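Please look through the sequence and the three-dimensional structure below before reading on. The paragraphs that follow lead from a sheet and its helices to the chain as a whole.

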Amino acid sequence: MFPASCFQRLRPSTSLWTNLARPKSIKQHALTFSRRHSSSVPFKSSRSWSPIIIGSIASGLIGYSLSAAFGKPSLTSEALEETEPKYGTPKDFEQAIKELRALFDSDDAISTHPEDLRIHGYSENDYHPSALHTVVVYPKSTEDVVKIVKTAVKYRMPLTPFSGGTCLEGSYRGSPVGGICVDMSSMNKIIEIHEADSDLVCQPGVGWMEINETLQKRGIPLFFPLDPGPGATIGGMMSTGCSGTNAVRYGTAKGEWFLNATVVLPSGEVIKTRQRARKSAAGFDTTKLFIGAEGTLGIITEVTIRLAPVLPTTVAVVHFPDVKHATEAVIDVMNRGVGIQCVELCDSEFMRSINLFGASQRKYPEQDSLFFKFQGPTSASIAETAKIVKETVQKHGGTGFELARSEQEARDLWADRKNALFSGLALLEGSRGWSTDVCVPISKLPQLVYETKKDLQRSGLVSIVIGHVGDGNFHTLLLFRNDKELESVREAVHRMVERAIKLEGTCTGEHGVGIGKREYLYEELGEGTVELMRSVKKTLDPLGLFNPGKLYPDRIDKKSKH
């Protein structure tokens, strides 16, 4: 039907990078905006390169689809191996640091101090390989980020964004060859609050807790409902596609909570993904391209987030004979359509750890338990929800249903759940903990939790299971004291992930991929989807400078799984 020449392999367009490959002819990007924090005028980014970039992505994806249909993927693993990134030399990196110092007025903006490099290339919260950056840079504006990106391109330096530093999968580790760490902590301002529109414009370095505290202090009855770890910031939350205990009611970062983002692309081009309207049918949603991309496609410098109304809540706890009965009760409760903001599974070992830790005001039965947070516009609606939930859980063997009698008691009950890490460590003196998560369809959760608990018992590992079970997501904290036990923990995590994927689930419900979970993407998503992701990456970042070694699995990882 078609001549064979019509289906020659299409490659992402790299012509726009010809000049970027030559340091002396880097195109200077003129940022023409000057924005005050009090301004409500939307930022208008330069669009000179946007049609080229969008056209490149479109042509690459069309080529991928056509060639895939004829059995010839446009970006095979073999082709990707032929274009491995080529980084600068140590002397190039030294020259880059000199130029960065000249570009930034403040000495505090550039650091090569060994302790700074250690903090940004290592984490106490995970056990993935560490690698130090060559330099840490602290931008204060989008213009600063553009300067950093152009310097990185000129000297072929890997570039890794750093936000709150709470990631558990090694997303902000340095490259083995070194590079630039872009610490966004100085870009931590709330720029605009639009109460009437229930949204807020901010920089990526501000934390979700700081945002909610600011809204409360100003008497604005709104909040940002995504609630991961306490130190998490908006840029990292968007980049890892995070969520937390509120996900059962409000969803995750991949919902509509991020309305738009200003992003510095690997070319140095600044784009804004869309306007501030609550919804838009103008093309595909480029905002979502950067949600979960973990800094591999661009650096986020400004975000508009949606806010939700603050509603009254209260907390209840109930106990079960085993995890299976508890998770089955959750499925039944969720299908009743009542006002549930959170529902958290805490296994018997976790309940024992609360008693051992000693921070709680009460002693709990050491049984598998559920913590509920009820939500509603009135006390009557919350009382009705509590009544329905109590009746439902009792059908599944739930006992000792206790509803908080005051706001303080509700806070105390919820604090016991939120103390999971420190309480869990009390189970094994001198131990450290590996925290991981998986997620499956809710109907598969009882089987997953039951089989995982049995596996951990057979392994002889001390662990706790906690989870946001209302959406099928659960976490484990596995304790160890030495390298031998650490290896057993690694193996148990691997089996847990494999088990979740076989149950039509995911290797990560909310922690992100980073280094720790990337080897599972071929199995979970399939080769076609992974190569499609990689083709987008190659189109936007043909030099492979943005957060290399994260998210995208390589052939070594793929082979290791067979």
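To describe how a helix lies against a strand, a line is fitted to the C-alpha atoms of each element, for a helix over the stretch in contact, and the angle between their N-to-C directions is given on a scale from 0 to 180 degrees. With that in mind, and remembering that this is a predicted model, turn to helix α15, residues 445-459, which lies across β13, β16, β17 and β18 and runs at about 5° to β18. Another helix, α11 (residues 348-357), also packs on the sheet, where it touches β12 (313-320), β13 (340-346), β14 (368-375) and β17 (463-468), and its direction makes about 105° with that of β17.

The sheet itself is open and has 7 strands, which follow one another in the order β15-β12-β14-β13-β17-β18-β16 with antiparallel pairing. Its edge strands are β15 (399-403) and β16 (432-439), each of which pairs on one side only, and from one strand to the next the twist averages 15°. At the β16 edge, 8 bridges join this strand to β18 (residues 473-480), the two running antiparallel, and within this pairing valine 438 has phenylalanine 474 of β18 as its bridge partner.

Further along the order lies β14, whose pairing can be followed on both sides. Strand β12 is joined to β14 by 8 bridges and runs antiparallel to it, while β13 and β14 pair over 6 bridges, again in the antiparallel sense. Phenylalanine 374 in β14 takes part in both pairings, for this residue is the bridge partner of threonine 314 and also stands opposite isoleucine 340.

Is β14 enclosed by the rest of the structure or open to its surroundings? A residue counts as buried when its relative accessible area is under 20%, and 8 of the 8 residues of β14 are buried, so this strand is largely enclosed by the rest of the structure. In a regular strand the side chains alternate between the two faces of the sheet. In β14 both faces are covered, with Asp368, Leu370, Phe372 and Phe374 buried on one side and Ser369, Phe371, Lys373 and Gln375 buried on the other.

Single residues outside this sheet show how burial can vary along the chain. Threonine 287, which lies in helix α9 (residues 287-290), counts as buried because its relative accessibility is 0%. Leaving aside neighbours within four places in sequence, threonine 287 is in contact with Met238, Phe258, Leu259, Asn260, Ala261, Thr273 and Arg274. Glutamate 519, placed in the loop between α16 (483-502) and α17 (521-525), counts as partly exposed because its relative accessibility is 24%. From glutamate 519 to leucine 551 there are 32 residues in sequence, yet their C-alpha atoms are 8.7 Å apart in space. Phenylalanine 422, in helix α14 (residues 420-425), is exposed because its relative accessible area is 53%, and together with Phe357 and Leu421 this residue makes a nonpolar surface patch of about 300 Å².

Finally, consider the whole protein chain, which has 19 helices and 18 strands and in which 54% of the 562 residues count as buried. Among its contacts with a separation of 6 or more, 75% are between residues 24 or more positions apart. The chain exposes about 24,900 Å², and carbon and sulfur atoms supply 53% of that area.

How values were computed. Residues numbered from 1 in each chain as written. Predicted model: local features only at pLDDT ≥ 70, side-chain atom pairs only at ≥ 80, totals over all residues. Heavy atoms only, no water. Patch = residues over 30% accessible without salt bridge, like charges linked within 9 Å, V, L, I, M, F, W, Y side chains within 5 Å. Areas by Shrake-Rupley, 256 points an atom, 1.4 Å probe, with all protein chains shown as cover. Salt bridge = Lys/Arg side-chain N within 4 Å of Asp/Glu carboxyl O. Helix = DSSP H or I, 4+ residues; strand = E, 2+ residues; numbered from the N terminus. Buried < 20%, exposed > 50% of the residue type's maximum accessible area, 1.4 Å probe, protein only. Pairing = 2+ DSSP bridges. Contact = heavy atoms within 4.5 Å.
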